[in-house]
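I opened this entry to look up the charged side-chain pairs, and I wanted to see where each partner sits before going further.

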Amino acid sequence: MRGIRLDHAMRNFFCRGPLRFARLPIAALIASMLHACAPGYDQQSAEPSAAYEPAESPSVYLSPAGFKADLITPAGIHVKTNGQYKTDAQKESAANAIDRYWNEVRKCALTVVPPGDTIFSKQIIPQFPKHLSIEIADNWQVVEGPKTHRKMQAFPSLAHPGSWSTARREEEALFVTVVPELVGLGPQMAGELNVWLSGSTSNAPLDLSNTCSTVACVKFDYPNAPSQAWSDCED
């Protein structure tokens, strides 16, 4: 009797065995297909801190309300020219002059920032021009300076009604308005950089508005007859 049962069990095993073993590759195939359809693991997205470099990341430019730039300098400064520069060559010349102002302000700022502070020198300061907006005023006139008595381009002052300015700035939007000759751009740009640094870190007791206010004005290929104030500018 035991022999009969054993023989029956062995037959069942060998009859079902091939089916069992045949099912294994199918199960593995199904598992493989399900794995392929499952959401993938993106290492770059899951571990951004390992690949993120603030100094190399693109900056988000936030323009002032109603500001439409028609010129971007090689350094990344956005400029609204208001048609003050008539040709592409004149626009290029003005863009290069604006970047020359920035280079002078940057060099001055690096003399104030602690030498070992690479956060400022390698990351925060290089990002500044990509956030700066400059508008070339179209409501300027040639007026006489109250101190120098020289003829200069200037526009009505908003802070002091009845007086005139060659450049002014707004801190909220990192926005500078300047005459077409760009006279006065350096100190205003330094002031905006001071705002940028102070807003980027709590360890920046700087006063670039005064320290870098002596940045000289720059002559460039501006087609209109220059004012007398331009004689003090550098070639």
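I began with the term itself: a salt bridge is a side-chain nitrogen of Lys or Arg within 4 Å of a carboxyl oxygen of Asp or Glu. I kept in mind that this is a predicted model, and I noted that the structure holds 6 salt bridges.

Entry on E135 and K80. I found that the side chains of these two residues, E135 and K80, meet in a salt bridge with N to O at 4.0 Å. I then placed the partners along the chain, where E135 lies in strand β3 (residues 133-136) and K80 in strand β2 (residues 78-80), so that the pair, 55 residues apart, links distant parts of the chain. I also looked up the accessibility of E135, which is buried because its relative accessible area of 18% falls under 20%.

Entry on R169 and E171. I saw that E171 forms a salt bridge with R169, with their closest N and O atoms 3.5 Å apart. I noted E171 as partly exposed at 44% relative accessibility, and R169 as partly exposed too, with a relative accessible area of 26%. I followed the contacts further and found R169, E171 and E192 linked in a network of salt bridges.

Entry on D235 and K219. I found a salt bridge between the side chains of D235 and K219, at 3.8 Å from N to O. I recorded that both D235 and K219 lie in the segment after α7 (208-211), 16 residues apart, and that the pair links distant parts of the chain. I asked myself whether D235 is buried or exposed. D235 counts as exposed, at 72% relative accessibility, whereas K219 is partly exposed, with a relative accessible area of 27%.

Technical notes
Residues numbered from 1 in each chain as written. Predicted model: local features only at pLDDT ≥ 70, side-chain atom pairs only at ≥ 80, totals over all residues. Heavy atoms only, no water. Helix = DSSP H or I, 4+ residues; strand = E, 2+ residues; numbered from the N terminus. Buried < 20%, exposed > 50% of the residue type's maximum accessible area, 1.4 Å probe, protein only.
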